[in-house]
Amino acid sequence: MECRQASEIFASYLSDELAPTERGELLTHLDTCPSCRAELAGLKEMWILLGQWRDVEPHPAIGRRLHRQVRWLVARDAFLSLKGWTPSLVPAALGVLLSVGLSFLMPYDALIEICRRAVGGLVPEPGVFLMAGLTYGLLPLAMVMWLSGRRRPVLWRMKSPLLFLVLISPYAIFQCLHFPGPALAGFLMGLSFGAFLGGVAVGQRWGNRMTCER
Amino acid sequence: MVQLRDGEVAAFDTLYERHHRSLFNFLLRFIVDRATAEDLLQDVFLRVYLHRETYHPTATFRTWLFTIARNLAFDRLRQAWVTWESHNEDRVLAIPDPSPNPERRVDAIERLKQLEDALRQLSPGQREVLLLSRYAGLSYVEIAQVVGSSPGAVRVTLHRALASLRKRVGSGG
């Protein structure tokens, strides 16, 4: 190996990019060439000096802000794409089953009557229906979201209650056909409010706690 | 990365935790301005998320990440119209590891200041190859992919960059 060839691969030697044979040839040449040894020593000194720069961390707020932005983008994408709705279908369907099951154990009329006795006179009549509707949305969704126990962005968490309402509406309206108009509106509003409260707020709060404990 | 492509947010957190430090230090040493480097770090990771569909597992994630970073950094240098040499005078790089010997520490700081000045005077092409090799730990093949060159050209550029630093910094004795 000549000095010119040796000089060309000094950087490769320092960055550990030489093949074993090339490395062997270079070391043999260095044994017999003081000027190449001196040149390599100088470059090695730079290489080591470069290694003395300590890495620094970016400001922690950068990471936090980035995570917030990405979570928002993930939630937005999941909300806008049809594929993103599939995972929310199972909790929504389970919520419907629980809500319907609850209505078999405690029919809508029976719970409305209990509510009327409990708060009769204190709230207007549609308010009584709202309270009853709230129960059939809140309990099932809160239970399902609690069982799923996964931390999700708010936008993502709104999908299960929305699907729940779409799926349960025909059943709920059919059961409430005999209600007067304001009472029906109150019941459906309560059902919607309960579903969102259970799915987005209450369920998530419990879900978080479960996740932390695990 | 494949998990992130499938919409798993936690995968993004893992990628950020694993790569943000080396990427930030590459950008900081390349741009020599902390605020711009932090800005770019954020842009790079946002692009990782936004362009996750275009990632092919044939390239390593690091190569892909540094390619994005390098392109953004060059764009920023072009936009800034301020030449690299006239960038702010703040010393953002010369922070040596703590040494128990105060005299040696002062010496080390002085040498690193010289090195930083010498680094500022390298061409952006030499600088990026040097930083990708020394700090990002990329191989010649990976660096060639990042900068759109060949491993042979990377080897030559790295050699020239080191020789240029050596000439400007001189011997430490």
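## Helix α8 of chain B and the interface with chain A

In this predicted model, helix α8 of chain B buries the residues B:V154, B:L158, B:H159, B:A161, B:L162, B:S164, B:L165 and B:V169. The helix runs over residues 151–169, and its 19 residues reach 27 Å from the first C-alpha to the last, close to the 27 Å expected at 1.5 Å a residue.

Two of these buried residues, B:L162 and B:L165, are also named, together with B:L23, B:L27, B:L115, B:L130 and B:L132, as the members that touch the most others in the largest nonpolar core, which has 76 residues. Leaving aside residues up to four places away in sequence, B:L162 touches B:L130 and, across the chain boundary, A:A11, A:L14, A:L43, A:M46, A:W47 and A:L50. Apart from this core lies another of 25 residues, among them A:V100, A:V128, A:L141 and A:F179.

The totals for the contact between chain A and chain B are as follows.

| Item | Value |
|---|---|
| Residues of chain A in contact with chain B | 39 residues |
| Residues of chain B in contact with chain A | 51 residues |
| Area buried between chain A and chain B | about 4,400 Å² |
| Share of that area on carbon and sulfur atoms | 60% |
| Salt bridges between chain A and chain B | five salt bridges |
| Polar contacts, both residues at pLDDT 80 or more | 16 residue pairs |

On the side of chain A that touches chain B, α1 (3–8), α2 (10–14), α4 (34–51) and α5 (60–80) each supply at least two residues, and the largest share, eleven residues, comes from α5(A). Helix α8 of chain B spans residues 151–169, and B:R155 forms a salt bridge with A:E8, whose closest N and O atoms are 4.0 Å apart.

How values were computed
Residues numbered from 1 in each chain as written. Chains lettered and ligands numbered in written order. Predicted model: local features only at pLDDT ≥ 70, side-chain atom pairs only at ≥ 80, totals over all residues. Heavy atoms only, no water. Core = buried A, V, L, I, M, F, W, Y, C linked by side-chain atoms within 4.5 Å. Buried < 20%, exposed > 50% of the residue type's maximum accessible area, 1.4 Å probe, protein only. Contact = heavy atoms within 4.5 Å. Helix = DSSP H or I, 4+ residues; strand = E, 2+ residues; numbered from the N terminus. Expected span 1.5 Å × (residues − 1). Buried area = accessible area lost by both parts, 1.4 Å probe. Salt bridge = Lys/Arg side-chain N within 4 Å of Asp/Glu carboxyl O. Polar contact = N/O pair within 3.5 Å; in protein donor to acceptor, adjacent residues only side chain to side chain.
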